[in-house]
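Please open the structure in the viewer and display both chains, each in its own colour. The tour below proceeds selection by selection along the contact between them.

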2 protein chains.
Amino acid sequence: MQNTAAPPPKVEGQSRYAWLAGMLRARITEGDWVPGASIPAETTLAKEHGVALGTMRQAIALLVTQGLLERQHGRGTFVRAGIGGATMLRFFRFRAGKDLSASPTSEILRSRSVKASAAVATTLGLQAGEEVLELLRLRSLQGEPCLLETIQLPLPLFAPLVGSDTSQWGDLLYPLFQQRCGVTVNRAEDVLRFGQLTKEQGRRLGLPAEHPCVQVERRAFDLSGRCVERRITLGDAHAFQYTLNIH
Amino acid sequence: MQNTAAPPPKVEGQSRYAWLAGMLRARITEGDWVPGASIPAETTLAKEHGVALGTMRQAIALLVTQGLLERQHGRGTFVRAGIGGATMLRFFRFRAGKDLSASPTSEILRSRSVKASAAVATTLGLQAGEEVLELLRLRSLQGEPCLLETIQLPLPLFAPLVGSDTSQWGDLLYPLFQQRCGVTVNRAEDVLRFGQLTKEQGRRLGLPAEHPCVQVERRAFDLSGRCVERRITLGDAHAFQYTLNIH
DNA sequence: CAGTGGTCTAGACCACCGC
DNA sequence: CGGTGGTCTAGACCACTGG
């Protein structure tokens, strides 16, 4: 530990634990503590910041509710490695055999750099006309195509993926983002709508033209809250099923 | 206060605050504290149960996350009056004029007692063949029909509604359940699926037969966790839009 | 076994609300 | 102003994990 002194938030309109949470958040977003690894023990952190244990626990609890940290009794507190990869299947019930735990395979049908449309640029926080990496991706369960995705990624950030061999990417994108580009996807916002497939989209999914579909528009954010992905996912409306709890 | 003695959970595999939360929960579900009213102050409760303030606060916090209590700084802790009424509109974007805050009106098209089907009896926790109150309900925005609902209510509990004048019910059901039947809806589970309207359903909603629709199957639960309502809501798939956040 | 997070105590003071 | 919940302290002991 460096300093056992007592540096409270000095001046703020906020509580001390909120200020401490900001400290911890900074050490995470700045890469001081990497995703998946553990952070120092509560008692250590409390002494380092010259604060009571309970206060430090409140700060940590705040970041846990925000999805940045994860506690494991007896093991430690860990930086979350990002959101799961197969979350899109939460919205669908594809009856592929009996294996409900099956994870979908992924195939990149197309990968190219294009100028961002005004809409895409806005959501990604780019200037109009800046370039993005655009992917067309097909996901399948046991060989059966089920989801068709169009993905836009801001280009200065995702340059390591341009021109790379997509057959080596594996079935999950978010771990790839982290390994190749250092981008940790921490949070996402999905908007669900209903629509119809075009003839082209239907062909890729093995469905007729104008077949009803569910469209999921996703915006994904990294640890610092920056939007790092815009994605449109299409799936058969008849396979759609989503459960939610209301309080 | 009755006893300032110290009755810890005696024997349990659970924590003390979890045990206290169970105590508080019981006093709520048994009607000791009514929805909307405040419960005694934290310090009072802590002394009554012979426990430290922080422990009682943990117990209260647990019930807050479970949606049973609500804290208001400087005012007190209150029993939640149940979930909001217009939650079904969360799933849809009807463009009725420009008024997005408009609350839908409600019309009961039919009200009758029927024997519960096996499926309905199971979800409501009844014996097969027991009677339920079945409602057919149309909700409209500015005179435009938008949602068609079929509702089943377990009958011993909702007997006060049988044969009553449905034109006096108002636009929200859950406040009615509470006033007439003493039922507080605290939690609900919604399952979203995609389907098509029958000719009859389409007629009621002003849409053609086989028009694509979203079906919301709701199960609502009271404070004690009992299922007190089963509801199927149908709405135009083209008006469907739902946003959710993922962590 | 040592180290971690989880629970609990018995206080103190602050911030907000309503009268 | 008194009463409420919100923050904070400086300890103690328990429960779980891993070597």
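Begin with the charged side chains across the interface of chain A and chain B in this predicted model: the rule finds 0 salt bridges there. Next, display the polar contacts between the chains; 10 residue pairs, both members at pLDDT 80 or more, are in polar contact between chain A and chain B.

Now select the side of chain A that touches chain B. Three elements each give two or more residues to this side: β7 (185-196), β8 (212-222) and β10 (241-246) of chain A. Of these, colour β7(A) separately, as the largest share of that side, 9 residues, comes from this strand. Colouring the side of chain A by residue class gives 12 nonpolar, 8 polar and 7 charged residues.

Keep β7(A) selected and add strand β10 (residues 241-246) of chain B. The two strands pair in the antiparallel sense, over 6 bridges. Within this pairing, centre the view on A:Asp190, which stands opposite B:Leu244 in β10(B).

Finally, show the whole contact. Chain A contributes 27 residues and chain B contributes 27 residues. The area buried between chain A and chain B is about 2,600 Å², with carbon and sulfur atoms giving 61% of it. Which residues of chain A lose the most area to chain B? Select A:Phe194, A:Ile246 and A:His247: together they account for 30% of what the chain A side buries.

Conventions. Residues are numbered from 1 along each chain as its sequence is written. Chains are lettered from A and ligands numbered from 1 in the order in which they are written. This is a predicted model: local features need pLDDT of at least 70, side-chain atom pairs count only at pLDDT 80 or more; totals for chains, interfaces and linings use all residues. Side-chain values use heavy atoms; hydrogens and water are left out. Contact means heavy atoms within 4.5 Å. Buried area is the accessible area (1.4 Å probe) that two parts lose on being put together, summed over both. A salt bridge is a side-chain nitrogen of Lys or Arg within 4 Å of a carboxyl oxygen of Asp or Glu. A polar contact is a pair of N or O atoms within 3.5 Å; within protein, one must be able to donate a hydrogen and the other to accept it, and residues adjacent in sequence count only if both atoms are side-chain atoms. Helices (H or I, at least four residues) and strands (E, at least two) are DSSP runs, numbered from the N terminus. Ala, Val, Leu, Ile, Met, Phe, Trp, Tyr, Cys and Pro count as nonpolar, Asp, Glu, Lys and Arg as charged, and the others, Gly among them, as polar. Two strands pair if DSSP finds at least two bridges between them.
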